[in-house]
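Subject: Structure handover

Hello,

Here is the structure I promised you. Please open it alongside this email; my notes follow below.

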Amino acid sequence: MLKDNMLQVVKSLPKIDLHLHLDGSVKPKTVLELATEQGVALPKSDLSSLKPYLQIEDDCPDLKSYLSKFDLVSQVLHTEKALERVAFELVEQAHSQNCKYIEVRFGPQLHRQKGLSLEVVIGSVIKGLNKGEQTFGVRAKAIACCLRHHSVEVNMEVIEAASSFLNSGLVGVDLAGDEASYPAYLFRSVFKIADKKGLPITIHAGEAAGANNIKDAIHKLGASRIGHGVRLKEDMSLFNEVYSRGIPLEMCPISNIQTKASDSWKEYPIREYFDQGLLVTVNTDNLTVSKTTLTKEYMILAKHFEFTTSELAQLVMNGIEASFLEVSDKKELKNICLQEYKQLEGKISEVI
Ligand SMILES: [Zn+2]
């Protein structure tokens, strides 16, 4: 059973979030305000009636229902002002969780209905993140997502645009979207160029499809990190390779259960992956759609998998190690977190 002050300690722990989608994490109140400002029709005009259109309330029946929560928010993110605002507010939300570093991902091609160029979309998000960094002291970097249902040409444009922001607020590229219908190998040429341009690569894999997709992400697309990777255990030789090469997994427990990457907490493999020495990281995926926070994710691990506070702290350190930051920045971030752990030590010993 969890001790009473576990929640307090988890709230105070410094944290890291490497897998965080911009469009899935817009505050409901902001969606309401942006829609009103932009004249976008809403199914409901008050906040509490609007929330079910934006987030999973209790149980999520299927992936389709999960994805439907993006329909409304996707209509209001096509101006520089809106993109800058939601990026800024994401840093603010991180700050409220004592999260020290976030990597925020988004598909630049999805924000162009009103004619913005890819450079302006990416630039606006980075502007909001930079403003957030300065205001809240949380470090925040961008990851540009290619999308599986887009053509090679359209995704190639994303790589081109992203490369001009590398080391200027952007730290990597990703492949997101319908994993089951569009296998990774289709995008080989896209990520070959990304690699040539020196862009770090993470790929969503092993979430809605099997271990083979993880294999392709690593071998064919050059992924140095895997988004989710829940189904890695289906291929033990690949498991051993991921272990020996120290390839990080960006796991998102609450989302992984909602989208049925795992059918239940009992089957969710995070404890075995962690115990077997994989570089497991814990992230939120979509703050609004999944109705989650980092504190909630960590509390789930404590509750369902008996993670101790020192093990949770290890997950945070894994997050720093797995990040796309420069080595010197990782070191600095580790020091900041270790400093805070020391101050928390008294409280931690009470809950171990
Ligand atoms: Zn994701």
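**A charge over a ring**

The charged end of Arg225 sits over the ring of Phe324, at 3.9 Å from the ring centre. Before you go further, please note that this is a predicted model. There is another contact of this kind. Lys131 lies over the face of Phe88, 5.0 Å from the centre of that ring.

**Aromatic rings**

Phe88 turns up again here. The structure holds 7 aromatic pairs. One of them joins Phe88 and Phe136. Their centres are 5.3 Å apart and their planes stand at 45 degrees, so the pair counts as tilted, a class that lies between stacked (under 30 degrees) and edge-to-face (over 60). Phe88 belongs to helix α5 (residues 80-96) and Phe136 to helix α6 (residues 118-136). The pair therefore ties together parts that are 48 residues apart in sequence. Both Phe88 and Phe136 are buried.

Elsewhere, Trp265, Tyr268 and Phe305 form one aromatic cluster.

**The zinc site**

Which residues coordinate the zinc ion? They are His19, His21, His204 and Asp285. Each histidine uses its NE2 atom, and Asp285 uses OD. The distances run from 2.1 to 2.6 Å.

The geometry is irregular. The angles among the 4 donor atoms range from 82 to 171 degrees. A tetrahedral site would need all angles between 85 and 135 degrees, so this one does not qualify.

Along the sequence, the donor residues follow the spacing H-x1-H-x182-H-x80-D.

Are His19 and His21 buried or exposed? His19 has a relative accessible area of 0%, so His19 is buried. His21 comes out at 11%. The cut-off for buried is under 20%, so His21 counts as buried too.

**The largest pocket**

The largest pocket has a volume of about 920 Å³. It is lined by 39 residues. Closest to the pocket centre are Leu63, Leu67, Gly177, Asp178 and Glu207. Three elements are worth colouring if you want to see the walls. α4 (63-68), β2 (99-106) and β3 (139-147) each give two or more residues to the lining of this pocket. The most comes from α4, with 3 residues.

**The cavity**

How many cavities of 30 Å³ or more are there? The count is 1. The space in the largest cavity is about 30 Å³. Its lining consists of Ile16, Leu18, Thr281, Val282, Asn283, Tyr298, Leu315, Val316 and Gly319.

Several elements contribute to that lining. β1 (15-21), β8 (280-282) and α14 (309-322) each supply at least two residues. The largest share is from α14, with 3 residues.

**A buried loop residue**

One last residue to look at is Thr292. Thr292 is placed in the loop between β8 and α13 (294-305). Is this residue of the loop buried or exposed? Its relative accessible area is 4%, so Thr292 is buried. Thr292 and Met6 are 286 residues apart along the chain. Their C-alpha atoms are separated by 18 Å.

**Where to start**

I would open the zinc site first and find His19, His21, His204 and Asp285 around the ion. Then go to Phe88, with Lys131 over its face and Phe136 as its aromatic partner. Finish with the pocket lining, beginning at α4.

Best wishes

Definitions and conventions. Residues numbered from 1 in each chain as written. Predicted model: local features only at pLDDT ≥ 70, side-chain atom pairs only at ≥ 80, totals over all residues. Heavy atoms only, no water. Donors = N, O, S within 2.8 Å, 3.2 Å for Na, K, Ca; no water. Tetrahedral: all angles 85-135°; square planar, octahedral: opposite > 155°, others 65-115°. Buried < 20%, exposed > 50% of the residue type's maximum accessible area, 1.4 Å probe, protein only. Phe/Tyr/Trp six-rings, centres within 6.5 Å; stacked < 30°, edge-to-face > 60°. Helix = DSSP H or I, 4+ residues; strand = E, 2+ residues; numbered from the N terminus. Lys NZ or Arg CZ within 6 Å of the ring centre and 35° of its normal. 1 Å grid on protein atoms, 1.4 Å probe; cavity = no way out; pocket = protein on both sides within 12 Å on 5 of 7 lines; lining within 4 Å. Points joined across faces, edges and corners; volume = space filled by probe spheres on them.
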